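Work through these exercises with the structure open beside you. Try each task before you read its solution.

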Amino acid sequence: MIIFCFIGSGFIGKFLFSLVFFFVMMSASTSVAKPAVETDNGPVFGSQYSDINNQSNQTAKISLLPAIAEDFTATWCTNCVKVEHALDDLEVEGLLQKYEFHVNPDLDESGFGSEDITQHLDARYGAESPPLVAINGTIKKHGSLPESDSLVNDYRDMMQTPLDFGDASSSFIWTPSTENTGVITWSLDADLSTYPEATLSVNAWIVEQSAEFDGGSNGQGTYFDLVRQITDLGSNPQGTANISIPTPHDGDDLEVHLVYLLNVPLAEDTMPVGDDEAGEETKSVPGFGVMITLLAGFSAALIARRI
């Protein structure tokens, strides 16, 4: 009522009312669930593991190993809590192996993350801000809003994308040698012809089962399945290597995980899609550019009427 009285009923009044109405309506935020999208990269698979203090010798069919969920997160990310809980539910069912990748230490006082870790996610998925989940390296979802009735079902659907490795198998041997080092041996027997342009990268991921940090604003306190170190073992499907073991954040619960990655080169006209292109979960509009344009039009209208 006050706005109507102030604006008046003439041409200027109607224009001002339209302008006010436009910004009132358009300034409201809308939350939109982001759909899962393909990554344009090769699969991430494997996930055989051992406690770093124990010797292990394993051979398994790739098709029988759980799906791999790479979870980009932070201790200040409240939306990430929903994501972690959904992934934990699927992990309890034995359907996937969750790996938490935390942001750079300069962005999170917990010290869980590292530049190598965020570079890995950024190179493969354009991960600039959490939350982001990639399943088996081939499909990813930004944000924490479910597209279906729940995040659990969203991630369950994402796991249905086949890796198409046929009867592939992997052998994994871990032998601790000293307190800070160990020897890892691997052998991948797989037909990778489905990905003719991909380059194999064999990794050892050092994972901390759980770590405490009370300074995070998301209220978690305890964090699980944290990737603390990524060691590139090269591109040979068979080999042996010595790897160093980082100091755990707390406790004595580090594990070594054997992970295979197929990296597909980007086409020359293809750029990685990051969070800026993917958009925010909450989108608000028109900024000052729109306002300036409208005000310029309004001024022009006034001048025209006076002429």
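**Exercise 1. Placing one residue**

Where is the place of E109 in the chain, and between which two elements?

Solution. Remember first that this is a predicted model.
Step 1. Look at the stretch between β6 (96-102) and α4 (115-125). E109 sits in that loop.
Step 2. Now judge its accessibility. A residue counts as exposed over 50% relative accessible area. E109 has 74%, so E109 is exposed.
Step 3. Check a distance through space. E109 and G216 are 107 residues apart along the chain. Their C-alpha atoms are separated by 8.1 Å.

**Exercise 2. Describing the whole chain**

How many helices and strands does the chain have? What percentage of its residues are buried?

Solution.
Step 1. Count the elements. There are seven helices and 15 strands.
Step 2. Turn to burial. The chain has 307 residues, and 44% of them are buried.
Step 3. Look at the surface. The chain exposes about 15700 Å². Carbon and sulfur atoms supply 55% of that area.
Step 4. Consider the contacts between residues at least 6 apart in sequence. Of these, 74% join residues at least 24 apart.

**Exercise 3. Reading a sheet**

In what order do the four strands of the open sheet lie? Is the pairing parallel or antiparallel?

Solution.
Step 1. Trace the strands across the sheet. The order is β4-β9-β10-β13. The pairing is antiparallel.
Step 2. Find the edges. They are β4 (56-61) and β13 (238-244), each of which pairs on one side only.
Step 3. Note the twist. From one strand to the next, the average is 15 degrees.
Step 4. Take β4 and β9. Six bridges join these antiparallel strands. T59 stands opposite S171 in β9.
Step 5. Move on to β9 (residues 169-176) and β10 (residues 181-189). Eight bridges join them, again with the strands antiparallel. I173 faces T185 in β10, and P176 stands opposite G182 in β10.
Step 6. Follow the chain from β9 into β10. A hairpin of four residues makes the link.

**Exercise 4. Finding the buried face of a helix**

Which residues of helix α5 (residues 151-158) are buried? Why can we say that they line one face?

Solution.
Step 1. List the buried residues. They are L151, V152, D154, Y155 and M158.
Step 2. Look down the axis of α5. The buried residues fall within an arc of 160 degrees, so they line one face of the helix.
Step 3. Recall the general rule. An α-helix has 3.6 residues a turn, so residues three or four places apart point the same way.
Step 4. Ask what this face meets. The buried residues of α5 pack against α3 (78-92), β7 (132-135) and β8 (139-142).

**Exercise 5. Following the salt bridges**

How many salt bridges does a search of the whole structure find? Which residues do shared partners join into one network?

Solution.
Step 1. Start with the total. The search finds seven salt bridges.
Step 2. Examine K98 and D88. Their side chains meet in a salt bridge, 2.8 Å from N to O. K98 is in strand β6 and D88 in helix α3, so the pair ties together parts that are ten residues apart in sequence.
Step 3. Compare their accessibility with the cut-off: buried means under 20%. K98 has 0%, so K98 is buried. D88 has 22%, so D88 is partly exposed.
Step 4. Add D225. D225 forms a salt bridge with K98, and the closest N and O atoms are 3.7 Å apart. D225 lies in strand β12 (residues 222-234) and K98 in strand β6, so this pair ties together parts that are 127 residues apart in sequence. D225 has a relative accessible area of 13%, so D225 is buried.
Step 5. Turn to R228 and E208. Their side chains meet at 2.5 Å, N to O. R228 lies in strand β12 and E208 in strand β11 (residues 199-212), 20 residues apart. R228 is buried at 17%, and E208 is buried at 0%.
Step 6. Assemble the network. Salt bridges with shared partners join D88, K98, E100 and D225.

Conventions:
Residues numbered from 1 in each chain as written. Predicted model: local features only at pLDDT ≥ 70, side-chain atom pairs only at ≥ 80, totals over all residues. Heavy atoms only, no water. Pairing = 2+ DSSP bridges. Axes fitted to C-alpha atoms, helices over the stretch in contact; angles between N-to-C directions. Buried < 20%, exposed > 50% of the residue type's maximum accessible area, 1.4 Å probe, protein only. Arc of directions from axis to C-beta. Contact = heavy atoms within 4.5 Å. Areas by Shrake-Rupley, 256 points an atom, 1.4 Å probe, with all protein chains shown as cover. Salt bridge = Lys/Arg side-chain N within 4 Å of Asp/Glu carboxyl O.
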